[in-house]
Amino acid sequence: MQRKLWIAVASALAALPAASFAGTTLLNENFNELTPMLTATSVGEFSAIGGTNVDIVGGALFGSLCVAPESGNCIDLDGSNGNPQGILRSNSAFSLVPGVNYYLSFDLIGSQRGLTTSATVTFGSYDKVFTLVSGDVTSGVVSDQLITVSAPTTAYLTFASNTPGNVGTLLDNVVLSSAPATSVPEPATLGLLGLGFAGLGLRRRRRA
């Protein structure tokens with residue numbers, strides 16, 4: 001009997017990490033499902049706003065620009081024709097709440113065409129400018145940037161070019177996820193733990 005109770009407690013404890021840290025993917029866009037084209041205003045989970053446009057490059061259409069860590073298609077934040085200084089914004093606004101950790105990842109690399117470019121990334125409290133020389137493929141790569149809020153906030157994810165003309169920073173592999181900021185065991189797991197410890201206590205009292 002005691003052995004079974006210990007097994008039950010151990011099983012409950014083993015289940016805690018899975019119950020506590022399960023994350024949710026809110027946005028995942030690598031642009032590979034899109035058809036490469038110039039002067040694009042709709043690009044998967046994002047849209048160019050303010051009358052701007054971007055270029056979807058890859059394959060036969062400037063595919064050599066999407067160098068590692070980017071792959072497949074990527075986005076030139078400076079489009080072609082019209083107002084090419086792109087402001088790329090997520091199609092959906094995200095409701096950010098206290099007590100949740102939000103994690104932002106993306107690849108921003110240099111233009112690969114000899115020009116230094118600049119872009120600003122904003123999301124909630126995150127607001128950062130990246131200035132990248134042409135061959136820079138590391139300084140603009142962000143992995144799991146932690147973002148939290150102290151009050152309910154509605155935010156779009158935005159990538160905005162600061163470089164005039166049609167040669168801009170290149171963007172790829174955008175991921176936004178969330179996870180509880182604190183470990184909160186599920187009620188069923190708490191109940192199992194309670195029963196296990198109560199049983200062990202009763203067993204010891206009977207022996208005494």
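Hi everyone, let's begin with one pair of residues: T120 has A160 in β14 as its bridge partner. Before I go on, please keep in mind that this is a predicted model.

So, what do those two residues belong to? β10 and strand β14, residues 158–161, run antiparallel to each other and are joined over 4 bridges. As general background, the strands of a sheet pair through backbone hydrogen bonds, either parallel or antiparallel.

Stepping back, how many strands form the open sheet here? There are 6, and reading across you meet β3, β4, β7, β14, β10 and β11, in that order, with antiparallel pairing. At the edges you'll find β3 (42–43) and β11 (126–132). Each of these has a single partner strand, so one side of each has no neighbour in the sheet.

Let's stay by that β3 edge for a moment and look at G44. This glycine sits in the loop between β3 and β4 (46–48). Is G44 buried or partly exposed? Its relative accessibility is 28%, so G44 counts as partly exposed. If we leave out neighbours within four places in sequence, G44 is in contact with E29, E33, L34 and N91. Take S90 as well: G44 and S90 are 46 residues apart in sequence, yet their C-alpha atoms are 9.0 Å apart in space.

Now for the charges. How many salt bridges does a search of the whole structure find? The answer is 1. It joins R113 to D76, and the closest N and O atoms are 2.9 Å apart. This pair links distant parts of the chain, 37 residues apart: R113 is in the loop between β9 (100–109) and β10 (117–123), while D76 is in strand β6, residues 74–76. The two partners also differ in their surroundings. D76 has a relative accessible area of 1%, so it is buried, whereas R113, at 31% relative accessibility, counts as partly exposed.

One more acidic residue deserves a look, and that's E70. You'll find E70 in the loop between β5 (54–57) and β6. E70 is buried yet has no salt bridge. Which side chain of opposite charge is nearest to E70? That turns out to be R113, 9.1 Å away, and we have just met R113 as the partner of D76. What E70 does touch, not counting residues up to four places away in sequence, is D107, L108, I109, L170, L171, D172 and N173.

That's my tour, thanks for listening!

Note on methods
Residues numbered from 1 in each chain as written. Predicted model: local features only at pLDDT ≥ 70, side-chain atom pairs only at ≥ 80, totals over all residues. Heavy atoms only, no water. Salt bridge = Lys/Arg side-chain N within 4 Å of Asp/Glu carboxyl O. Helix = DSSP H or I, 4+ residues; strand = E, 2+ residues; numbered from the N terminus. Buried < 20%, exposed > 50% of the residue type's maximum accessible area, 1.4 Å probe, protein only. Pairing = 2+ DSSP bridges. Contact = heavy atoms within 4.5 Å. Lys, Arg positive; Asp, Glu negative; His and termini not counted.
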